[in-house]
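I opened a fresh notebook page for this one. Here is what I looked up, in the order I went through it.

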Amino acid sequence: MKLSKFCDDSLIEFDLRATTKIEALQELSNVASKSPLVKDPTQLFKDVLDREELVTTGVGYGVAFPHAKTRATKGIVIVFGRSQQGIEFDAIDGRPVKLFFLIAAPEDAIGAHLNVMARLSYMMKQEENRAQFMSA
């Protein structure tokens with residue numbers, strides 16, 4: 001699976017301005033609105049926020065995978081965002097998050113979005129990959 005088919009240059013923000021978790025989710029949702037697959041960025045933000053309130057998507061090592069199955073998109077979309085200073089995100093290791101991968105999938109997505117998350121998670125386990133994303 002090529003993750004690049006779900007993301008392009010317009011869906012990358014190397015300098016997130018957000019300083020809080022909610023601001024980060026809003027900013028990432030706004031970036032997602034650049035995708036022709038996103039029909040309603042406001043709904044996307046709401047759905048991602050609702051999902052985040054269930055349990056944090058901050059998986060540790062400065063990485064978070066905010067995500068939602070939502071009617072706001074008609075295909076899988078990945079947004080990458082980076083915060084040099086880090087954002088408190090209630091991550092499971094208690095550390096600030098610097099690398100964000102927002103994943104939006106249609107409500108009727110069967111499992112492709114889970115494969116996307118698994119692939120990204122595998123990539124972000126390697127410290128050298130996280131370092132490359134930080135220095136890109």
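My entries below go from one helix to the salt bridges, then to the cores and the rings.

**Before starting.** I noted that this is a predicted model.

**Entry 1: helix H3.** I began with H3, which runs over residues 112-125 and has 14 residues. From its first C-alpha to its last I found 20 Å, close to the 20 Å expected at 1.5 Å a residue.

Which residues of H3 are buried? I listed His113, Val116, Met117, Leu120 and Met124. They sit on the same side of H3, because they cover an arc of only 95 degrees around the axis. Turning to the other side of H3, I found Tyr122 and Lys125 exposed.

Next I asked what the buried residues of H3 pack against. My list has strands S3 (63-64), S4 (67-70), S5 (77-87) and S6 (97-106), along with helix H4 (127-135).

**Entry 2: salt bridges.** I reminded myself that side chains of opposite charge can pair when their charged atoms come close. How many salt bridges does the structure hold? I got four.

I looked up glutamate 52 and lysine 21, whose side chains meet in a salt bridge at 3.2 Å, N to O. This pair links distant parts of the chain: glutamate 52 belongs to helix H2 (residues 41-54) and lysine 21 to helix H1 (residues 21-32), 31 residues apart. Are these two partners buried or exposed? Glutamate 52 is buried, at 5% relative accessible area. Lysine 21 has 17% relative accessibility, so I count it as buried too, the cut-off being under 20%.

Then I turned to aspartate 50 and lysine 46, where the closest N and O atoms of the salt bridge are 2.8 Å apart. Both lie in helix H2, and because they are four residues apart, about one helical turn separates them. I marked aspartate 50 as partly exposed, with a relative accessible area of 35%. Lysine 46 is also partly exposed, at 43%.

Arginine 95 and aspartate 93 form a salt bridge as well, with 3.9 Å between the closest N and O atoms. Arginine 95 is partly exposed at 45%, and aspartate 93 is partly exposed at 33%. I also noted that salt bridges sharing partners join Lys21, Glu52 and Asp90 into one network.

**Entry 3: nonpolar cores.** The largest nonpolar core has 25 residues. Which of them touch the most other members? I wrote down Leu44, Val79, Phe89, Phe100 and Leu102. H1, H2, S5 and S6 each supply at least two residues of this core, and H1 gives the most, with five.

I followed leucine 44 further, leaving out residues up to four places away in sequence. Leucine 44 touches Ser29, Ala32, Val38, Thr70, Ala72, Leu102 and Ala104. Apart from the largest core lies another, of 15 residues, among them Phe80, Phe101, Ile103 and Met124.

**Entry 4: aromatic rings.** I counted six aromatic pairs. For phenylalanine 101 and phenylalanine 133, the ring centres are 5.4 Å apart and the planes stand at 80 degrees, so I logged the pair as edge-to-face. Phenylalanine 101 is in strand S6 and phenylalanine 133 in helix H4, 32 residues apart. Phenylalanine 101 is buried, at 3%, whereas phenylalanine 133 is partly exposed, at 23%.

Last, I noted that ring pairs link Phe14, Phe65, Phe80, Phe101 and Phe133 into a cluster.

Technical notes. Residues numbered from 1 in each chain as written. Predicted model: local features only at pLDDT ≥ 70, side-chain atom pairs only at ≥ 80, totals over all residues. Heavy atoms only, no water. Expected span 1.5 Å × (residues − 1). Buried < 20%, exposed > 50% of the residue type's maximum accessible area, 1.4 Å probe, protein only. Arc of directions from axis to C-beta. Contact = heavy atoms within 4.5 Å. Core = buried A, V, L, I, M, F, W, Y, C linked by side-chain atoms within 4.5 Å. Phe/Tyr/Trp six-rings, centres within 6.5 Å; stacked < 30°, edge-to-face > 60°.
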